[in-house]
Amino acid sequence: MARKLKISLSEEELIRALRNREKIAVEALYDMYSSSLYGVISRIVIDTATAEDVLQDTFVKIWNSFTTYSSDKGRLFTWMVNIARNLAIDKIRSKDFKNQNKNQELENNVTFIDEQRNTVYKPELLGIKELVDKLKPEQKSILDLVYFKGYTHVEAADELGVPLGTIKTRLRMAIVQLRKHFN
């Protein structure tokens, strides 16, 4: 199998190729700067897959906004590092990223705790199953869907063919009934 040679251009040649939107510019950018830019990004964005996405976004932004680069303001590498750094910071500050990390942390922690303590959720050991069995059938079915099977209120309403308001009322009444056993 033939090994692909890495492309290396002088900074002036690379700038000229980028300005002319030549294919070789993209290949040279990647070959010459991907590992350095990835290093900058991965110090900010710890998750490997997300860091790789940010690297790709960095190259796209470099390509699409190259007209804003001015050699009078600094070297090409410095300009690219700033783009990579800013995109990485934007990523970790984004609402989606924060929510994804919170959810991931919770999942990982629960799994870690379960593995450490070898715990398994068994409501029958708490006596909850018997208490739920004493509820009215319509309350029991909603409680089962929402709390034991993870349905949302809307999904439970769709599943049971009952209006959302009725689901919420029956669920509230079921919880009130269960609370009586714990007071």
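Is Phe59 buried or exposed, and what is its relative accessible area? Here are some notes to help you find your way around; keep in mind that this is a predicted model.

1. To take that opening question straight away: Phe59 is buried, with a relative accessible area of 14%, which falls under the 20% cut-off for that label. Tyr30, on the other hand, comes out as partly exposed at 46%.

2. Those two residues are worth looking at together. A search of the whole structure turns up 5 aromatic pairs, and one of them is Tyr30 with Phe59, a tilted pair with 5.7 Å centre to centre and 50 degrees between the planes. Tyr30 sits in helix H2 and Phe59 in helix H3 (residues 48–64), so this pair links distant parts of the chain, 29 residues apart.

3. Next, have a look at Tyr69 and Trp79. Their rings also make a tilted pair, at 5.4 Å centre to centre and 55 degrees between the planes. Tyr69 lies in the loop between H3 and helix H4 (76–93), while Trp79 is in helix H4, 10 residues apart. Both Tyr69 and Trp79 are buried. Add Phe66 and you have one aromatic cluster of Phe66, Tyr69 and Trp79.

4. Now for the helix packing. H1 (residues 11–19) and H2 (residues 23–44) pack at about 135 degrees, their axes 8 Å apart, and are therefore oblique to each other. Their crossing is left-handed. On the H1 side, the contact is made by Leu14, Ala17 and Leu18; H2 brings Ile24, Ala25, Ala28, Leu29, Met32 and Tyr33. By type, the contact residues are 9 nonpolar, no polar and no charged.

Key: Residues are numbered from 1 along each chain as its sequence is written. This is a predicted model: local features need pLDDT of at least 70, side-chain atom pairs count only at pLDDT 80 or more; totals for chains, interfaces and linings use all residues. Side-chain values use heavy atoms; hydrogens and water are left out. Axes are lines fitted to C-alpha atoms, for helices over the stretch in contact, and angles run from 0 to 180 degrees between N-to-C directions. Helices (H or I, at least four residues) and strands (E, at least two) are DSSP runs, numbered from the N terminus. Angles under 35 degrees count as roughly parallel, over 145 as roughly antiparallel, 65 to 115 as roughly perpendicular and the rest as oblique. A crossing is left-handed if the near helix is turned anticlockwise from the far one by less than a right angle, and right-handed if clockwise. Contact means heavy atoms within 4.5 Å. Ala, Val, Leu, Ile, Met, Phe, Trp, Tyr, Cys and Pro count as nonpolar, Asp, Glu, Lys and Arg as charged, and the others, Gly among them, as polar. Rings of Phe, Tyr and Trp (its six-membered ring) pair if their centres lie within 6.5 Å; planes under 30 degrees apart count as stacked, over 60 as edge-to-face and the rest as tilted. Buried means under 20% relative accessible area, exposed over 50%, partly exposed in between (1.4 Å probe, protein chains only).
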